[in-house]
Amino acid sequence: MMRPAASSASCAAGAAGLMAAGMAGPGRAAPGRGPGAGAGAAAAPGTRSGSHPPASPRQIPAVPALVTPFRRAGAAGEKGQEEAARPRRFLPALLWFRAGRGMEPPEGDAEMLAGPDPELAATMGFSGFGKKARTFDLEAMFEQTRRTAVERSRKVLEAREREKEEQAEKELKSRHTDSSASASTATGVGSTLKPRDTASSESEDSSDEELIGPSMQSQASVQGPVGGDDDDDDEEFIGPPLPPGFKDSDDDDTEEEDNNPVKKIPDSHEITLQHGTKTVSALGLDPSGARLITGGYDYDVKFWDFAGMDASLQAFRSLQPCECHQIKSLQYSSTGDVILVVSGNSQAKVLDRDGFPVMECIKGDQYIVDMTNTKGHTAMLNSGCWHPKIKEEFLTCSNDGTVRTWDVNNEKKHKSVFKPRSVQGKRVIPTTCTYSRDGKLIAAGCQDGSIQIWDRNMSVHTKFHCRQAHAPGTDTSCLAFSYDGTALASRGGDDTLKMWDIRQFKKPLHSAERLSSFFPMTDCCFSPDDKILVTGTSVKKGGGSGKLFFFDRETFQKLYEIEVTDASVVRCLWHPKLNQIMVGTGNGLAKVYYDPVKSQRGAKLCVVKTKRKERQAETLTQDYIITPHALPMFREPRQRSTRKQLEKDRLDPMKSHKPEPPVAGPGRGGRVGTHGGTLSSYIVKNIALDKTDDSNPREAILRHAKEAEENPYWVAPAYAKTQPKTVFAEVEPEDDETDKPEWKKRKI
């Protein structure tokens, strides 16, 4: 029997021989060896039958020399047959590699590649060994693929063109009222679509695996008229053809709403927010429409959360960020995380979403003549707004004649200064300012009636200006850019509302007059669809109701008006996301107009919530033990609510810390009177006698009776003839009263 080591050695030698045969060919010997070298190597001494010595690099036998030992070993016994039946994979792999690389086989390999060798196939163990390897021409394959793709793309384009032709023919068929003409048209459509059917069938036969081209639904719609019984066409065209100009009712409603912009105004419902009793001069809504802020002449800023409010409509926070200065403008930033507060002082403030201060602009030096060299405003602010794109930048204008831009992260100095000038080059006061929708332009309305527009990056010369936009000496209260950025609306103090095209800024496109305005912050705004312009009017006390007017942007025709309240309409705001209109009035109200169908969130969230009931536990001062059967001396008094206890303590001057009333007269009890604390008043206070008379008032009057009777001057001469003689009661001596009991004594 053969040992396993010899068997493995023979396999390794056989593999090496096969590889050498693939390289050198069956008819040639290995380099440095003769034709008979292999036979001599097979009978080397020291080896057993069926085993081979390990082949060195210089002694690689050829294929014929290896085949003979394999056959002999196979004839020797069963072990040799198993060894001969093992596949040898080195030569096929080498031949496949050479064929894939496009390498021509050597001359000696031509005979082996010409056809399968039965002896070699039996030796290797499978019948397919020795066949010529298949070659692949990649360029030819890519070319074939490209041609196939071009052909299929051409068919897809032809199919789309025919679909377009079919749609055009369908439109022509619907226009014809004659049934015979429509039938002939349908026949023509069917005849023109038959080649498409055959082309599609050919394309389906050519590619069974992939579906290239339009979807099955579109093919079915194209092939449907060929059969003549398309279900979709039957559903669309039932009965006689529709007359020209016929429209569905839904289409009529939609088109009517588009043609009538009044139906887009959300005014069917309203809620009223009680800010205070004085004018609501500022309104602000965050970009998402979740919170509303109101500011007024009462110095208060109130926060309203639509999602957190109930039907009681109470603000969740109220504060005075600028102490005793009227609030003129409030606006959320583009991200809604900070709020710009512009008041009557010279320093604008920035608050966070909950009302806590973030930064305060610096005040400039008012003794410097050139306002460019000051770090901030030196006079009262008039207006301000945020940059629409840059969340850290905002804009303010002031009575010092400058318009300044600021950065939230730098409160020590402004970013840039714009100085509006009059025709003579003198300083004019800007009363309102704003950014364009893209933030590239800065516009300001001035007291001389002009509107001046600068490029944001060039602060010296104006880019557009109109000197006589409004009447000189009036305060232009608002400037608003349209959403498309081409139109500018201005609300003037001369009771006008004008529309401008900034590309032709010499004269207004439209103008509306007799719109009274008594406030320097009466504003105007555009609707979300940019087709309507809104503004409010002012009225005197008892002079009627303040109204909200809606004008068409194209024709400037008055479309609609809303009677808001019996006071002036100062602020108006139309939020694009909520589609709700917020109005601030002169009597301290903030009204919200909305439509349950057209509006989103906002006021719709709070009106559906019921009022919260107060908890009884919150009204008690402290917990106590109830002992109904205790003795009276140990029974605790009944606890009262906090409100009643506070009212009771308010009446107690000691608990309420009631201040002492002002001194009347010359002064008493060591306190100086109203005449002051000078040296003379001190001397008078200490020297002057106490004129208070603690005696009987009857005696004090009768003290002057004798003098009045002898020298009558005021009343007695007029009644000398008719006046009866005065009779006074006699005074009883006090000694008599000492004997009387206490309850009988006369009380004076």
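A polar contact is a pair of N or O atoms within 3.5 Å; within protein, one must be able to donate a hydrogen and the other to accept it, and residues adjacent in sequence count only if both atoms are side-chain atoms. The model is predicted: local features need pLDDT of at least 70, side-chain atom pairs count only at pLDDT 80 or more, and totals for chains, interfaces and linings use all residues. Residues are numbered from 1 along each chain as its sequence is written, and side-chain values use heavy atoms, with hydrogens and water left out.

**Exercise 1. Ser 656**

Task: locate Ser 656 and list the backbone oxygens that its side chain reaches.

Solution.
- Step 1: Place the residue. Ser 656 sits in the loop between helix H15 (642-651) and helix H16 (679-687). Helices (H or I, at least four residues) and strands (E, at least two) are DSSP runs, numbered from the N terminus.
- Step 2: Find the polar partners. The side chain of Ser 656 reaches the backbone oxygen of Arg 650 at 3.5 Å. A polar atom of that side chain also lies 2.7 Å from the backbone oxygen of Asp 652.
- Step 3: Add the contacts, meaning heavy atoms within 4.5 Å. Leaving aside neighbours within four places in sequence, Ser 656 is in contact with Asp 649 and Arg 650.
- Step 4: Check a C-alpha distance. Ser 656 and Leu 646 are 10 residues apart in sequence and 9.2 Å apart in space.

**Exercise 2. Two loop residues**

Task: decide whether Asn 345 is buried or exposed, then do so for Asp 595. Describe the surroundings of each.

Solution.
- Step 1: Fix the cut-offs. Buried means under 20% relative accessible area, exposed over 50%, partly exposed in between (1.4 Å probe, protein chains only).
- Step 2: Apply them to Asn 345. Its relative accessibility is 15%, so Asn 345 counts as buried. Asn 345 belongs to the loop between strand S7 (338-343) and strand S8 (349-352).
- Step 3: List its partners. The side chains of Asn 345 and Ser 343 make a polar contact at 2.6 Å. Not counting residues up to four places away in sequence, Asn 345 touches His 325, Ala 379, Met 380 and Leu 381.
- Step 4: Turn to Asp 595. Its relative accessibility is 12%, so Asp 595 counts as buried. Asp 595 lies in the loop between strand S28 (589-594) and helix H13 (603-606).
- Step 5: Trace its side chain. The side chain of Asp 595 reaches the backbone nitrogen of Val 597 at 2.9 Å. The backbone nitrogen of Lys 598 lies 3.2 Å from a polar atom of that side chain.
- Step 6: Look along the chain. Asp 595 and Glu 270 are 325 residues apart along the chain, with C-alpha atoms separated by 8.4 Å. Beyond four places in sequence, Asp 595 touches Pro 266, Ser 268 and Lys 604.

**Exercise 3. Strand S12**

Task: identify the pairing of strand S12 with S11 and with S13. Why is S12 largely enclosed?

Solution.
- Step 1: Recall the rule. Two strands pair if DSSP finds at least two bridges between them.
- Step 2: Count on the S11 side. Strand S11 (residues 393-398) and S12 run antiparallel and are joined by 5 bridges. Leu 395 stands opposite Thr 405 in S12.
- Step 3: Inspect the turn. The hairpin of S11 and S12 has 4 residues between the strands, and Gly 401 there takes a positive phi near 85 degrees.
- Step 4: Count on the S13 side. S12 and strand S13 (residues 416-418) run antiparallel, with 3 bridges. Arg 404 stands opposite Val 417 in S13.
- Step 5: Explain the enclosure. In strand S12 (residues 403-407), 4 of the 5 residues are buried, so the strand is largely enclosed by the rest of the structure.

**Exercise 4. An open sheet**

Task: give the strand order of the open sheet of 4 strands and name its edges.

Solution.
- Step 1: Read the order. The sheet runs S22-S23-S24-S25, with antiparallel pairing.
- Step 2: Name the edges. Strand S22 (524-526) and strand S25 (558-565) each pair on one side only.
- Step 3: Add the twist. From one strand to the next, the twist averages 20 degrees; axes are lines fitted to C-alpha atoms, for helices over the stretch in contact, and angles run from 0 to 180 degrees between N-to-C directions.
- Step 4: Check one pair. Strand S24 (residues 546-552) and S25 are joined by 6 bridges. Phe 549 has Glu 561 in S25 as its bridge partner.

**Exercise 5. The whole chain**

Task: how many helices and strands does the protein chain have, and what percentage of residues count as buried?

Solution.
- Step 1: The chain has 19 helices and 28 strands.
- Step 2: Of its 748 residues, 35% count as buried.
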